[in-house]
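User: I have a structure open and want to understand its salt bridges. Can you take me through the labels?

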Amino acid sequence: MPFDARKNAIDLLNTLDKGYRTLDSILEDFSGKVTFDSKKDRALFQTLVYGVLRWRGRLDYIISHFSNTRFNKINPQILNILRLALFQIIFLDRIPDSAAVNTAVELTKSSGAHWVVGYVNALLRKAAREYQHVSLPDLSQNKISALAVDKSFPEWIIRKWLDRYDLDSTALLCDRLNTIPPLTVRTNTLKVSSGQLIEALNKEAEQLKPTPYAPDGITFISPTTSIPELRTFKAGWFQVQDEAAQLVSLLLDPRPGDTVLDACAGLGGKTGHIAQLMHNEGALVAMDVKEDKLSLLKCEMQRLGISILSTLSHNLEQGLPRNQLPFFDRILLDAPCSGLGTVRRNPDIKWRASIRNLKRYQNRQLRLLENVSRLVKPLGILVYAVCSPEPEEGDAVLKAFLKKHDDFVIDTGFGKLPEKLCSMAQAPGVFKAYPDLNQMDGFYSARLRRIS
């Protein structure tokens, strides 16, 4: 059966709404189950999914305006059909409004009663004619509501940012987070130089250029096929990794011969970079609570030609298995967090995060930092990092940890971070990346040294 981008987009959005999984994990499973008929099909599918999630707030506001059914009474599956069609009408000029409406009606026929089909048809036809005349909330009357609808962010996030930044800075941050980022990869310098990788990728992608700060980073768009199918990927010449994440490993600055722990390794993006910086010499332990992730990580390290790795499945919140682990020269704790710095690449995070979650993450981050700190050698380095610029997950965690630990201090150095970034730092040993300033993911990272 031919691939139907709209139907598959609806299926994915409905799965996401169940709340059990992230967009990344669903897409990973999805890619193994479907076959795209063409590059055009893949591009449309991704545009629909990411577009609906980026602009859901504004789409919902317009749907509410035209709906004769209360918004909270609309069936979630029907709501996703409306969002998908309205996104095409407003944002995709190449798709005729009539095609977007007709496809939505056909999708509704398999999901709702006859009257629901009529409701969807009537709402979308009216919206297609009149959406440009819908008045958004007045910025002079209510900044929070106006920005939340116009920029498509939950009101609690807008309120939080307006407490911290001025109006123009908040609007710019929202705009940056709503942009479609290029693909960013990190050259595997164990196998190839950045120059050689760019030369090879010129045959497989467009608009290649080095990242502004990370020395091994490259950005590009429009690969000729999916990333895993690229010849250079199969050869182990790169890993997909945002520039901000690359800078965290440079802050850690692992050396050849060191004993290093990647304490929440996940799928191994930073693990691979750490091994590169060690020149594949020394001992590197990747730890994660999920054994299936570690299995994939080991395969990834084999693809990259890394031989110094061992893995350990363990829940860091339950303390540490001292008999299984040595003390380490360097430890990276890339802690679980809200992920609010990665909204460009993961727009579903907007609608999953909450104030309550930030507090829960903070408590968890402190527990993990407390436990892993016991494994740092005297004079060793511990880098704490989160892909979130929120103070609750950054400065607040660091302050609470240091208040209890006079055996640690913020290291005044920046490892191998480029000098132009060090000069922009607000405090010694602490690096913060912002999408609106650095045009990379939002990150917080701090370099700590054990002094006794």
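User: What makes the contact between the side chains of Glu-390 and Lys-160 a salt bridge?

Analyst: This is a predicted model, where local features need pLDDT of at least 70, side-chain atom pairs count only at pLDDT 80 or more, and totals for chains, interfaces and linings use all residues. Residues are numbered from 1 along each chain as its sequence is written, and side-chain values use heavy atoms, with hydrogens and water left out. A salt bridge is a side-chain nitrogen of Lys or Arg within 4 Å of a carboxyl oxygen of Asp or Glu. The N to O distance for Glu-390 and Lys-160 is 2.5 Å, so the pair fits the rule.

User: Where in the chain do Glu-390 and Lys-160 sit?

Analyst: Glu-390 is in the loop between β9 (376–386) and α18 (395–404). Lys-160 is in helix α9 (residues 155–164). They are 230 residues apart, so the pair links distant parts of the chain. Helices (H or I, at least four residues) and strands (E, at least two) are DSSP runs, numbered from the N terminus.

User: Why is Asp-348 called buried?

Analyst: Buried means under 20% relative accessible area, exposed over 50%, partly exposed in between (1.4 Å probe, protein chains only). Asp-348 has 3%, so it is buried. Its salt-bridge partner is Arg-352, at 3.2 Å, N to O.

User: Why does Arg-352 count as partly exposed?

Analyst: Arg-352 has 38% relative accessibility, so it counts as partly exposed.

User: How many salt bridges does the rule give?

Analyst: The count comes to 29. Among the linked residues, Arg-58, Asp-150, Lys-151 and Asp-175 form a network of salt bridges.
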